[in-house]
Amino acid sequence: MRNDSFLRTLTTATIVCLVCSMLVSAATVALRPLQERNRAWDRKRNVLLAAGLIDENATADIDALFRQIEPQVIDLDTGKAVDGFDPETFDAVAVQRNPHTSRTLSPAEDLAGLKRRERYELVYLLRNNGRLQRVVLPVRGKGLWSTMWGLVALGPDLNTVESFAFFAHGETPGLGGEVDNPRWKALWIGKKAFDAQGRPRLEVVKGAVAPDSPEAVHQVDGLSGATLTGNGVTNLLRFWLGEQGYGPLLERLRAESAAAPAPAAAHASIRPAT
């Protein structure tokens, strides 16, 4: 066979492709445990940020601090904790894609643009002397270009926003991508998630919030040039804080907090890392 023949060229290319495919596959398998550990570490770090136990520049022991967090897998329809899932390996996307553990949303229900909603979700509770201090809720929904993934944390009154941030999205840098801007994220702190009737009311407005408006307590300034991203943020928050999302869970937690005995006088043992 000639060295420059078509058959020899094709054979050589095929062998090179097979060898490269085997190397890539082997690397993927070998690196998978490390990738999974990194994803778990990043998830814990984001939860700790939302819970107020670390700040962006903290170099603390993430695993040690995370022991203060109480993960719960809940049934979204009832708000009750369920067994049968390991919080360490819980995958909301896999649960959503499984027709036995999710359901189709009607257009009227699907504010967040999810199409299907999982029946079970993983949430995170922070307590002090048995009293709820913060609940961290995973949220997601469609922006302009992408599904935005975030965490919203509510304080002990289950109404005041203590933290809200996205940890994954594909919005336009400098426009919708400004959901990552620390100044914009800070605007959410102290906002009220619900009105007097218990309806979810958080909203990204177009332009700036009117400070004298009675709705200002629920509103955050819009992102310049990113109206559709802002609308997506509003919609996903109202979905997840409503009856299709964490409404039943929040009702359960309110009832538990109301029935809990007054805490004994003691110094708080929960301290943020520095």
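Begin by selecting asparagine 129, which is partly exposed at a relative accessible area of 46% (buried means under 20% relative accessible area, exposed over 50%, partly exposed in between, with a 1.4 Å probe and protein chains only). The model is predicted: local features need pLDDT of at least 70, side-chain atom pairs count only at pLDDT 80 or more, and totals for chains, interfaces and linings use all residues. Residues are numbered from 1 along each chain as its sequence is written, and side-chain values use heavy atoms, with hydrogens and water left out.

Asparagine 129 lies in the loop between β4 (120-128) and β5 (131-142); strands (E, at least two residues) and helices (H or I, at least four) are DSSP runs, numbered from the N terminus. The hairpin of β4 and β5 has 2 residues between the strands, and asparagine 129 takes a positive phi near 55 degrees there. Most residues other than glycine have a negative phi.

Next, select β4. Of its 9 residues, 8 are buried, so β4 is largely enclosed by the rest of the structure. Strand β1 (residues 69-75) runs antiparallel to β4 and is joined to it by 7 bridges; two strands count as paired if DSSP finds at least two bridges between them. To view one such position, display glutamine 72 opposite valine 123 in β4. β4 is also joined to β5 by 5 bridges, again antiparallel, and asparagine 128 stands opposite arginine 131 in β5.

Now widen the selection to the sheet. It is open and consists of 5 strands in the order β1-β4-β5-β6-β7, with antiparallel pairing. β1 and β7 (161-168) are the edge strands, each pairing on one side only. From one strand to the next, the twist averages 25 degrees.

Which residue of β6 is the bridge partner of leucine 137? It is valine 152. β5 and strand β6 (residues 147-154) pair in the antiparallel sense over 8 bridges.

Add the helices. Helix α6 (residues 247-259) packs on the sheet and touches β1, β4, β5 and β6, where contact means heavy atoms within 4.5 Å. The direction of α6 makes about 175 degrees with that of β5; axes are lines fitted to C-alpha atoms, for helices over the stretch in contact, and angles run from 0 to 180 degrees between N-to-C directions. Helix α5 (residues 227-240) lies across β4, β5, β6 and β7, at about 130 degrees to β5.

Finally, select lysine 115, in the loop between β2 (102-104) and β3 (116-118). Lysine 115 has a positive phi near 75 degrees and is exposed, with a relative accessible area of 64%.
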